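Dear colleague,

I am passing on the structure we spoke about, and would be glad if you could look through it alongside the notes that follow.

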Amino acid sequence: MSVLEIRDLAVSVAGNQILNGVTLTIRSGEVHAVMGPNGAGKSTLSAAIMGKPGYQVTAGTVTLDGADVLAMRTWQRAVAGLHLVMQYPTEVPGVMLQEVLSEALAARGATKKPLDDLIEAEAERIHFDRELVRRAVNVDFSGGEKKRNETLQMAVLQPKIAILDELDSGLDIDALRDCTKRVEDATKETNLGVLVITHYSKLFDELKPDFVHILAKGKIVKSGGPELADVLERDGYAAFA
Ligand code: ADP
Ligand code: MG
């Protein structure tokens with residue numbers, strides 16, 4: 001059982017205060033959806049949790065099972081069990097997926113053998129073209145292929161908590177279903193805790209949120225159950241922002 005605890009987190013970027021005290025607790029097996037208008041600070045939240053350079057935490061704490069996440073380097077956060085699927089996955093020329101995963105697993109002291117078979121099985125599970133597994137990470141991939149690739153990495157690495165920043169952006173319906181289903185399965189099979197950022201409740205067809213939070217102007221302005229997403233879909237953000 002793991003807990004990611006975000007308390008009163010305030011973050012500034014390029015001298016602008018973007019987050020003004022965000023508090024969220026995510027436990028193993030739980031799915032928390034964060035929804036909010038463009039520019040609310042959703043990606044800033046994910047960047048601050050993972051320690052992206054340029055995102056300055058000005059107040060608050062982030063802990064994973066009591067350990068101070070903010071004191072860790074980004075790779076240490078990953079090794080500790082945090083995993084971010086970025087809104088716009090990075091292309092990494094010259095680096096193969098197999099190499100990334102074998103290094104990442106080695107850093108965790110968890111050499112899973114044979115890795116090739118595991119990658120193959122995971123690729124099949126999310127209908128990811130196995131030929132793409134042998135290409136440089138994300139290079140010239142379509143939007144859907146990139147997100148499938150990132151989802152595959154998550155599945156192999158088995159983090160404690162995954163942060164999915166607009167997993168649905170740039171995805172077609174089939175890719176969205178495959179990726180969200182794999183994440184939902186992980187919440188049951190490996191007790192993955194999830195923080196999923198999205199605008200659209202379509203994502204919840206497969207990945208069922210236990211909690212929905214509305215982030216506006218750098219603060220969580222309302223939290224509720226899945227029904228809150230339906231209210232948003234109907235009324236928009238205006239009532240909350
Ligand atoms: P969201 O993901 O909710 O759409 P973001 O977290 O990406 O919002 O952005 C929140 C605000 O922070 C925006 O006004 C954006 O312009 C600003 N911002 C985010 N990252 C940077 C950056 N690296 N440099 C300058 N401003 C940034
Ligand atoms: Mg964003």
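Ligand 1 is surrounded by V13, A14, I18, P37, N38, G39, A40, G41, K42, S43, T44 and Y55, where a residue is taken as near a molecule or strand if one of its heavy atoms lies within 4 Å of it. This is a predicted model, in which local features need pLDDT of at least 70 and side-chain atom pairs count only at pLDDT 80 or more, while totals for chains, interfaces and linings use all residues. Residues are numbered from 1 along each chain as its sequence is written, chains are lettered from A and ligands numbered from 1 in the order in which they are written, and side-chain values use heavy atoms, with hydrogens and water left out.

Three backbone contacts to ligand 1 may be worth checking by eye. An oxygen atom of ligand 1 lies 2.8 Å from a backbone N or O atom of K42, another such distance, to a backbone N or O atom of G41, is 3.0 Å, and a polar backbone atom of A40 is 3.2 Å from an oxygen atom of the ligand; a polar contact here is a pair of N or O atoms within 3.5 Å, and within protein one must be able to donate a hydrogen and the other to accept it, with residues adjacent in sequence counting only if both atoms are side-chain atoms. Of the 560 Å² of accessible area that ligand 1 has on its own, the protein covers 60% (Shrake-Rupley method, 1.4 Å probe; for residues, only the protein chains shown count as cover).

The largest share of the shell around ligand 1, three residues, comes from α1 (helices are DSSP runs of H or I with at least four residues, strands runs of E with at least two, numbered from the N terminus). Eight of the nine residues of α1 are buried, which means under 20% relative accessible area, with exposed being over 50% and partly exposed in between (1.4 Å probe, protein chains only). Just after α1, G51 takes a positive phi of about 80 degrees.

The magnesium ion (ligand 2) has S43 (OG) and Q87 (OE1) as its protein donors, at 2.1 to 2.7 Å; donors are N, O and S atoms within 2.8 Å of the metal (3.2 Å for Na, K and Ca), and since water is not among the atoms, sites may look incomplete. Because S43 lies in helix α1 (residues 42-50) and Q87 in the loop between β6 (82-85) and β7, the pair ties together parts that are 44 residues apart in sequence. S43 is partly exposed at a relative accessible area of 30%, whereas Q87 is buried at 14%.

The largest nonpolar core has 27 residues, and L164, V194, V196 and L207 have the most contacts inside it; such a core is a set of buried Ala, Val, Leu, Ile, Met, Phe, Trp, Tyr and Cys residues joined through side-chain atoms within 4.5 Å. With five residues, α6 gives the most to this core. L164 touches V85, V183, V194, L195, V196, I197 and L207, not counting residues up to four places away in sequence (contact means heavy atoms within 4.5 Å). A second, separate core of 24 residues includes L24, V34, A40 and L82.

Finally, S201 lies in the loop between β10 and β11 and is buried, with a relative accessible area of 13%. The side chain of S201 makes a polar contact of 2.9 Å with the side chain of E233.

With best wishes
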